[in-house]
Amino acid sequence: MARRPGAPAAYGEDFSFVSPLVKYLLFFFNMLFWFWSSEVQRSSHWPKIKVISMVMVAIGVYARLMKHAAALACLAVDPAILLIVVGILMFLLTFCGCIGSLRENICLLQTFSLCLTIVFLLQLAAGVLGFVFSDKARGKVSEIINNAIVHYRDDLDLQNLIDFGQKEFSCCGGISYKDWSQNMYFNCSEDNPSRERCSVPYSCCLPTPSQAVINTMCGQGMQALEYLEASKVIYTNGCIDKLVNWIHSNLFLLGGVALGLAIPQLVGILLSQILVNQIKDQIKLQLYNQQHRADPWY
């Protein structure tokens with residue numbers, strides 16, 4: 001049968017605008033964040049999965065139930081709540097990406113793309129605001145460190161975190177070693193009955209290479225000493241300045257980390273938009289074929 005002049009070129013019955021490469025690339029992209037491990041079942045094409053996001057939610061719930069609220073009050077955001085929220089959002093987001101790509105569902109794919117775009121813009125805005133309002137960011141960090149000092153003995157995990165930070169950055173306290181007087185156990189007031197009165201944690205002490213056993217009382221009475229005298233035994237510089245200096249000297253590293261977080265998000269947005277456009281073209285083709293199937297000139 002002759003083709004009507006001006007009619008579009010014919011496509012085979014098996015032709016599809018949807019590229020399997022884009023479709024399954026997007027699926028496996030999301031699977032990396034959704035699946036922890038998988039084992040294909042013999043009776044089904046769906047894998048048994050252990051979900052990273054669900055593990056994060058479980059850890060967050062456990063930490064929220066087991067940890068004392070006072071110990072976590074020093075942090076700007078409760079890490080347990082943060083884990084729960086991030087885990088749930090990750091599960092929902094990757095669910096939309098995985099199922100949307102497999103089922104070629106435009107609604108799920110657009111939801112995935114929109115949410116990923118919002119996350120990317122929020123991260124970008126946070127970085128820009130942190131750079132523009134660096135003084136306020138420094139003040140917030142100072143507040144967090146001072147609150148952590150106050151609650152140092154309230155939680156073992158918080159204590160280990162502070163000790164690690166002070167040893168890693170070779171610092172003591174927020175602004176100086178005397179910030180430890182804010183803690184009730186290290187306070188220098190005369191009515192303080194603590195054996196650690198006017199002391200600092202052992203993590204403030206200068207390392208001794210030949211020492212086989214850590215002396216946890218090496219910071220005894222250090223707050224009562226003057227700066228020069230104390231500097232012979234402990235770190236006297238605060239951690240805030242050390243942290244700022246570290247950030248300034250590792251800008252390329254931090255930029256690389258930020259880029260490493262941004263690239264997968266941009267790839268996910270790009271792949272989802274390409275797949276959405278391909279699905280729309282396929283729908284148009286199917287509608288066109290249905291409308292002209294009865295046409296004798298088609």
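# Questions on a predicted model

Me: What share of the accessible surface of the protein belongs to carbon and sulfur atoms?
Reply: The model is a predicted one. In this model the protein has an accessible surface of about 19,200 Å², and the part of that surface that belongs to carbon and sulfur atoms is 66%.

Me: How many helices does the protein have, and in what pattern do its elements follow one another?
Reply: There are two strands in the protein, alongside 10 helices. Read along the sequence, these elements follow the pattern α-β-β-α-α-α-α-α-α-α-α-α.

Me: What percentage of the residues in the protein are buried?
Reply: A residue counts as buried when its relative accessible area is under 20%. Among the 298 residues of the protein, those that are buried make up 32%.

Me: Which element gives the largest share of the largest nonpolar core?
Reply: The largest nonpolar core has 19 residues, and those touching the most other members are I162, C172, W180, V200, C204 and I234. Two elements, α6 (134-150) and α7 (156-169), give two or more residues to this core. The largest share, three residues, comes from α6.

Me: Which residues does I162 contact, leaving aside its neighbours within four places in sequence?
Reply: I162 is one of the residues that touch the most other members of the largest nonpolar core. Once the neighbours within four places in sequence are set aside, the residues in contact with I162 are A148, I149, Y152 and W180.

Me: How many residues does the other core, with L108 and L271 among its members, contain?
Reply: This core lies apart from the largest one, and its members include L275 and V276 as well as L108 and L271. Its number of residues is 16.

Me: Is V128, a member of a nonpolar surface patch, buried or exposed, or something in between?
Reply: V128 lies in helix α5, which covers residues 106-132, and joins L121, L124, L129, F131, V132 and F133 in making a nonpolar surface patch of about 730 Å². A residue that is neither under 20% nor over 50% in relative accessible area falls in between. With a relative accessibility of 45%, V128 therefore counts as partly exposed.

Me: How many residues apart in sequence are the parts tied together by the salt bridge of R138 and D241?
Reply: The structure holds four salt bridges, and in one of them the side chains of R138 and D241 meet at 2.5 Å, N to O. R138 belongs to helix α6 and D241 to helix α9 (residues 239-249), so the parts that this pair ties together are apart in sequence by 103 residues.

Me: Within which helix do E143 and K140 both lie?
Reply: E143 and K140 form a salt bridge whose closest N and O atoms are 3.9 Å apart. E143 is partly exposed at 41% relative accessibility, and K140 is likewise partly exposed, with a relative accessible area of 39%. Being three residues apart, about one turn of the helix, they both lie in α6.

Me: Which is the relative accessible area of E196, and is E196 buried or exposed?
Reply: E196 forms a salt bridge with R153, the closest N and O atoms being 2.3 Å apart. R153 lies in the loop between α6 and α7, whereas E196 lies in the loop between α7 and α8 (227-230), so the pair ties together parts that are 43 residues apart in sequence. R153 is partly exposed, with a relative accessible area of 30%. E196, in turn, is buried, its relative accessible area being 18%.

Methods:
Residues numbered from 1 in each chain as written. Predicted model: local features only at pLDDT ≥ 70, side-chain atom pairs only at ≥ 80, totals over all residues. Heavy atoms only, no water. Helix = DSSP H or I, 4+ residues; strand = E, 2+ residues; numbered from the N terminus. Buried < 20%, exposed > 50% of the residue type's maximum accessible area, 1.4 Å probe, protein only. Areas by Shrake-Rupley, 256 points an atom, 1.4 Å probe, with all protein chains shown as cover. Core = buried A, V, L, I, M, F, W, Y, C linked by side-chain atoms within 4.5 Å. Contact = heavy atoms within 4.5 Å. Patch = residues over 30% accessible without salt bridge, like charges linked within 9 Å, V, L, I, M, F, W, Y side chains within 5 Å.
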